[in-house]
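This report concerns aromatic contacts, nonpolar cores and the surroundings of one charged side chain. The structure follows.

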Amino acid sequence: MPRVAVMTDSNSGITQLDGKNMGVGVMPMPFTIDGKIYYEDISLSREEFFQMMADDKNILSSQPAPADLLEMWDKALEKYRQALRQRDIKQDNDVKLKTKNSRSYVECTINDGKNQLLQISMYAPNAEQASVVKNVFYNNTDVIYQAVVALMTGDKKTALNIIAAADFSREDFI
């Protein structure tokens with residue numbers, strides 16, 4: 001996991017798409033053209049910019065607003081924090097994909113750093129579904145643990161509320 005975030009502004013010549021592909025944050029430079037604010041490579045392409053220059057439009061450039069820079073830095077920090085949380089979850093918890101007699105099994109273990117809290121072994125119809133179980137487990141360990149504890153203690157209502165309130169995203173299943 002990288003410990004350095006690279007950020008630049010669009011004056012670097014790096015487009016938003018190139019920045020995304022390279023893992024570089026690109027702050028779009030603001031331009032005011034005939035009184036309307038545009039952001040380079042967001043609401044104004046380079047071709048449009050050069051055409052407006054050729055059309056002799058009144059163009060003013062500025063630096064990004066400090067609040068926009070802070071927002072960009074906060075997003076980069078949050079991305080790093082999420083990566084750290086995922087690393088910690090994967091270190092504390094474990095999922096093993098096993099095959100026995102041509103069948104796929106998933107063994108999920110939840111630890112709190114010192115103690116094993118829960119271990120679940122389950123059959124999965126195929127390796128693809130076993131992989132989905134693994135991803136859902138890693139991305140929702142707390143939800144799974146809380147729901148299982150509620151079920152095992154006979155509190156069906158709480159278990160259903162925990163599951164209903166869970167915010168599963170598409171990435172959980174990939």
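In this predicted model, Y123 has a relative accessible area of 39% and is partly exposed. Y105 is likewise classed as partly exposed, at 27% relative accessibility. The rings of Y105 and Y123 form an edge-to-face aromatic pair, with 6.0 Å from centre to centre and 70 degrees between the planes. Because Y105 belongs to strand β7 (residues 103-111) and Y123 to strand β8 (residues 116-124), this pair ties together parts that are 18 residues apart in sequence. The ring of Y123 also has a charged partner: the charged end of R103 sits over it, 4.5 Å from the ring centre.

The structure contains three aromatic pairs in total. In one of them, the ring centres of F49 and F50 are 5.6 Å apart and the planes stand at 70 degrees, over the 60 degrees required, so the pair is edge-to-face. F49 is buried, with a relative accessible area of 17%, whereas F50 is exposed, at 53%. Together with F31, the residues F49 and F50 make up one aromatic cluster.

The accessibility of the residues in these two pairs is as follows.

| Residue | Relative accessible area | Class |
|---|---|---|
| F49 | 17% | buried |
| F50 | 53% | exposed |
| Y105 | 27% | partly exposed |
| Y123 | 39% | partly exposed |

Attention now turns to the nonpolar cores. The largest comprises nine residues, namely V95, V106, C108, I110, L118, A124, A130, F137 and Y138. At least two residues of this core come from each of β7, β8 and α4 (127-139). Leaving aside residues up to four places away in sequence, F137 is in contact with N93, D94, V95, C108, T109, I110 and I144. A second core, separate from the largest, has seven residues, among them F31, Y38, F49 and M52.

Strand β7 also carries a charged residue, E107. Is E107 buried or exposed? With 18% relative accessibility, E107 counts as buried, because the limit for that class is under 20%. Which side chains make polar contacts with that of E107? One polar contact, of 3.4 Å, links the side chain of E107 to that of K98; another, of 3.1 Å, links the side chain of E107 to that of Q119. With residues up to four places away in sequence excluded, E107 touches D94, V95, K96, K98, Q119, I120 and S121.

Conventions:
Residues numbered from 1 in each chain as written. Predicted model: local features only at pLDDT ≥ 70, side-chain atom pairs only at ≥ 80, totals over all residues. Heavy atoms only, no water. Phe/Tyr/Trp six-rings, centres within 6.5 Å; stacked < 30°, edge-to-face > 60°. Buried < 20%, exposed > 50% of the residue type's maximum accessible area, 1.4 Å probe, protein only. Helix = DSSP H or I, 4+ residues; strand = E, 2+ residues; numbered from the N terminus. Lys NZ or Arg CZ within 6 Å of the ring centre and 35° of its normal. Core = buried A, V, L, I, M, F, W, Y, C linked by side-chain atoms within 4.5 Å. Contact = heavy atoms within 4.5 Å. Polar contact = N/O pair within 3.5 Å; in protein donor to acceptor, adjacent residues only side chain to side chain.
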